[in-house]
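Biologist: Could you take me closely through one strand of this model and its pairing partners, and set that part against the chain as a whole? I would like one connected account rather than a list.

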Amino acid sequence: MANLEILVSELPTLIQSLKLTIGDSNQIMQQIILINDAQEQLRNIKKLIAQELKFDRIKNSAIATLPRIDTVASLFIPSVGLVDPAIAEKFGNSETRVSLNDLQIKIDAWIEWGYFLQAIAADILSDVQLVNQLNSDINHLSLTANIQVIAENLKINLNLENFHILTRQIQKVSNSQNELLQLQQQLTYIVNTIKNSRSFLNILLGVSAFYGKSGFALEWLDDDHELIISSQGKFQELTNILNDCDFFQEQLATLIIQGETVREQGEQALKKIEEEISKETFISPQVEIIPKFSTQKIVLSALLIAASLLILSFASWKIKEQSPQLRQMSLSLTQEGSAFAKFKSAQKLGMEAASLVQKPPHPLKVWQKAETKWYQAINLLDSIPDDTSVYNRAQKKLAYYQINYKSISQRVLIEKQALANLESAQKLATEANLFGQNSPHSLLSRQQAQDKWQQAINLLEAIPESTSASIQAKETLPIYKTNYAAISQI
């Protein structure tokens, strides 16, 4: 029994080693060896338990119990002192004593988990492309870290007076915008890979792209066979990663709009500086000293004026002769002016749209107003002819505006759904109250009321925090839960 107690005291360390860290493929083989060793020790403990139970049966004694080690949880996470709730089932419940039969069952589960990890490790090492991708992912920042870096880069105080500094700042913002577009593509890849892949290895690729340099480990399967993953001390289910991705989608949309606003401000300030420099270049500061005119100079001036009049008369005759070319030139100037006016109007609409949605949440009307302004700006830019001087600038801005419009349209849909959830929940609550009041003693009525309270609660809990409806949902949710609990007790 003494040997068994010593081995059981080492269980926390053994269980801790029953995980597979995904990242550097060179370390996977070492982990397989550690898992094998842990399984072997678990088998030894299982043999000793079997001997102990056999000995007890011979003595006709009750099933022996074995005191659990009080420091099991703290040995796993010493800094916290508790096992994370996400993997609590991996270590069992919080009983102070556990029967030897129960311990055997737990050991079987731990050994089985070890086999699963070994199979995954073998599949990874046999796939060269997968190994290369995993090795590549650990050289890049995690999605979370990338977003934080870009968010910091966009917190910029524009130097609106220094041409060179402002130019560098605008370039920095433009680079951040390009990085945001890449992150949006990466986020779409992660979500689609995790959601739609039937292969477990492909799912791991999506998770690897999510965590990047942070790395991650396969920790456990919970009661619902949901995979538990850890990274940098944080434990979460696979579905929680998808929830994080939804939040990051909204965050990226906000950052894209923020970047566009800052860049617009910088470009407008830069244009003013350029105009001032142009004025200083073309307006000469020198003042000519006009000498006294002599009689000869006056006569000469008169002759020059007469000659000029003749030249102008001749030029006027030539212009009339070339009226088609003049009309074409006039038409080009008109088209150029119209294109420039459209470009400026689109810029103005973009600035207004971006300003409207700063510091969310906002009511649905605000999001819709911003959506309309982006749509109008896009139409203006799209209508600029390709033979005008502002066409290339308009096309570049058009790409950003279309992204902003798409992001805002998504926010409009989210806000509409949130309001619909709130309205439906209120309707269900009213119906639940009616069932309770009209037939308070009817079991069927109480069950229907209970179902409606549950549906209303589910709708409120599904409302994202980023929406304006979330404030009312948070205030209402405790009331609905109290009503649900009360009718459930009845």
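Modeller: Of the 490 residues in the protein chain, 38% are buried, and since everything here is read from a predicted model, that share is a computed value. The chain holds 17 helices and 6 strands, and its accessible surface comes to about 28900 Å², with 56% of that area belonging to carbon and sulfur atoms. Among the contacts between residues at least 6 apart in sequence, 72% join residues at least 24 apart.

The strand to look at closely is E5, residues 227-231, which is mostly covered, with 5 of its 5 residues buried. In a regular strand the side chains alternate between the two faces of the sheet. In E5, Leu-227, Ile-229 and Ser-231 point one way, while Ile-228 and Ser-230 point the other way, and all of them are buried.

E5 has a partner in strand E4, residues 216-221, and these two pair in the antiparallel sense over 4 bridges; within this pairing, Leu-221 stands opposite Leu-227 in E5. Strand E6, residues 234-237, also pairs with E5 in the antiparallel sense, again over 4 bridges. There Ser-231 stands opposite Lys-234 in E6, and Ser-230 stands opposite Phe-235 in E6. The connection between E5 and E6 is a hairpin with 2 residues between the strands, and Gln-232 in the turn has a positive phi of about 50°.

Glu-237 is found in strand E6, and its C-alpha lies 5.7 Å from that of Leu-227, although the two residues are 10 apart in sequence. Leu-227 is among the buried residues of E5, whereas Glu-237, at 26% relative accessibility, counts as partly exposed, because the partly exposed class begins where the buried class, under 20%, ends.

For comparison with the strands, consider a helix pair elsewhere in the chain. Helix H6, residues 100-125, and helix H10, residues 200-211, pack at an angle of about 80°, with their axes 11 Å apart, which means that H6 is roughly perpendicular to H10. On the H6 side the contact is made by Phe-116, Ile-120, Asp-123 and Ile-124, and these meet Phe-200, Leu-201 and Leu-204 in H10. The residues of this contact divide into 6 nonpolar, no polar and 1 charged, and Asp-123 is the charged one, because Asp is counted as charged.

One further residue deserves care, namely Lys-452, which is found in helix H16, residues 443-461. Its relative accessible area is 19%, so Lys-452 is buried, given that the cut-off for that class is under 20%. Leaving aside residues up to four places away in sequence, Lys-452 touches Leu-428, Glu-431, Ala-432 and Phe-435.

To return to the part you asked about, E5 pairs in the antiparallel sense with E4 and with E6, and 5 of its 5 residues are buried.

Methods: Residues numbered from 1 in each chain as written. Predicted model: local features only at pLDDT ≥ 70, side-chain atom pairs only at ≥ 80, totals over all residues. Heavy atoms only, no water. Axes fitted to C-alpha atoms, helices over the stretch in contact; angles between N-to-C directions. Parallel < 35°, antiparallel > 145°, perpendicular 65-115°, else oblique. Contact = heavy atoms within 4.5 Å. Buried < 20%, exposed > 50% of the residue type's maximum accessible area, 1.4 Å probe, protein only. Pairing = 2+ DSSP bridges. Areas by Shrake-Rupley, 256 points an atom, 1.4 Å probe, with all protein chains shown as cover.
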